[in-house]
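Reader: I should like to go through this structure by question and answer, with the reasoning set out at each step. Where shall we begin?

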Amino acid sequence: MTKNWDNLIKHKEHKIRRGNIEIVVHDEVFTPDQNLTYSTEQTLAYLDNLNLEEKEILDLGCGTGIIGISCLSKGAKRVTFSDVSSKALENTLENLKLNTFFNKAEIIQSNLFENIHGDFDFIFANLPISNDLWQPVIKQTTETLTERFLKEVKSFTRENGRIIINWASFASLKQIENYLTENNFKFKKIEQEALDCTWYLFDIEINKNNTH
């Protein structure tokens, strides 16, 4: 599939509204515009059916902060927003203030879990998928980065906590599924067709006695 993925991070500043949430998207920050990508929309639709009341949540790779802010709007106790990009964190801060959730948030600059402390009921990770876009930035394949995330994530997840990650058919699905299966993760996979490809959401339950 040929696609100009650069538009996901190189664009004019714009606004997006979803339900009662409005966010600003700065240039050089990943846009959740569902006309360009479906990963964020897939997660937002899925969390509509999750019980997030009084839960503590990590929004890893938060970008604009739209996923974590949506969790706060649904009753989450507190959300830690993390991204490796300082521009993304500035954008998240603006959107937290715009949606009046700043007092329930913590913002941390971190490469995956390097600067993260504590554990969480839910971890939402909108990780890089397209190697065409992200490999020059992250200096490794997106599959390798995701495996690193999965290797480290249980240390930051409470027993029976949940991990929500996205994937798509233009990347190696088999590599991710094999890693989850070989390491005894309990997971379900949701598939949706959009933008001429298949998008996958993995809902992973952490049982620390069964993962290694």
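Reader: Is Phe113 buried or exposed?

Author: The model is a predicted one. Residues under 20% relative accessible area are classed as buried. The relative accessibility of Phe113 is 4%, and therefore this residue counts as buried.

Reader: How many aromatic pairs does the structure hold, and what is the geometry of the pair of Phe113 and Phe149?

Author: The structure holds five aromatic pairs. In the one formed by Phe113 and Phe149, the ring centres are 5.5 Å apart and the planes make an angle of 20°. Planes under 30 degrees apart count as stacked, so the geometry of this pair is stacked.

Reader: Which parts of the chain does the pair of Phe113 and Phe149 link, and how many residues apart are they?

Author: Phe113 lies in the loop between β5 (105-109) and β6, while Phe149 belongs to helix α5 (residues 142-153). Phe149 is itself buried, at a relative accessible area of 0%. The pair links distant parts of the chain, and the separation of its two members is 36 residues.

Reader: Why is the pair of Phe113 and Phe156 stacked, and which aromatic cluster includes Phe156?

Author: The ring centres of Phe113 and Phe156 are 4.5 Å apart with the planes at 5°, so this pair is stacked. It also links distant parts of the chain, since Phe156 is in the loop between α5 and β7, 43 residues from Phe113. Phe156 has a relative accessible area of 14% and is buried. The aromatic cluster is that of Phe113, Phe149 and Phe156.

Reader: Where do the buried residues of α5 lie around the helix axis?

Author: The buried residues of α5 are Thr142, Glu143, Leu145, Thr146, Phe149, Leu150 and Val153. Viewed down the axis, they fall within an arc of 160°, so their place is one face of the helix.

Reader: What is the end-to-end distance of α5, and what span should its 12 residues have?

Author: At 1.5 Å a residue, the expected span of α5 is 16 Å. The C-alpha atoms at its ends are likewise separated by a distance that agrees, namely 16 Å.

Reader: Which element gives the most to the largest nonpolar core?

Author: This core has 36 residues, and those with the most contacts inside it are Phe113, Ile123, Phe149, Phe202 and Ile204. At least two residues come from each of β3 (56-60), β6, α5, β7, α6 (173-182) and β9. With five residues, the element that gives the most is β9.

Reader: Which residues of the aromatic cluster are in contact with Ile123?

Author: The cluster is formed by Phe113, Phe149 and Phe156. Leaving aside neighbours within four places in sequence, the contacts of Ile123 include Leu58, Val153 and Ile164. Also among them are the cluster residues Phe113, Phe149 and Phe156.

Reader: How many residues of α1 are buried, and against which elements do they pack?

Author: Helix α1 (residues 39-47) is mostly covered, with eight of its nine residues buried. Among them are Ser39, Glu41, Leu44 and Tyr46. The elements against which these buried residues pack are β1 (14-18), α2 (66-73), β6 (120-125), β7 (157-168), β8 (186-194) and β9 (197-205).

Reader: Is Asn103 buried or exposed, and what separates its C-alpha atom from that of Trp167?

Author: Asn103 is placed in the loop between α3 (86-98) and β5. Its relative accessible area is 62%, so Asn103 is exposed. Asn103 and Trp167 are 64 residues apart along the chain, and the separation of their C-alpha atoms is 32 Å.

Terms used
Residues are numbered from 1 along each chain as its sequence is written. This is a predicted model: local features need pLDDT of at least 70, side-chain atom pairs count only at pLDDT 80 or more; totals for chains, interfaces and linings use all residues. Side-chain values use heavy atoms; hydrogens and water are left out. Buried means under 20% relative accessible area, exposed over 50%, partly exposed in between (1.4 Å probe, protein chains only). Helices (H or I, at least four residues) and strands (E, at least two) are DSSP runs, numbered from the N terminus. Contact means heavy atoms within 4.5 Å. Rings of Phe, Tyr and Trp (its six-membered ring) pair if their centres lie within 6.5 Å; planes under 30 degrees apart count as stacked, over 60 as edge-to-face and the rest as tilted. The expected span of a helix is 1.5 Å times one less than its number of residues. The arc is that of the directions from the helix axis to the C-beta atoms. A nonpolar core is a set of buried Ala, Val, Leu, Ile, Met, Phe, Trp, Tyr and Cys residues joined through side-chain atoms within 4.5 Å.
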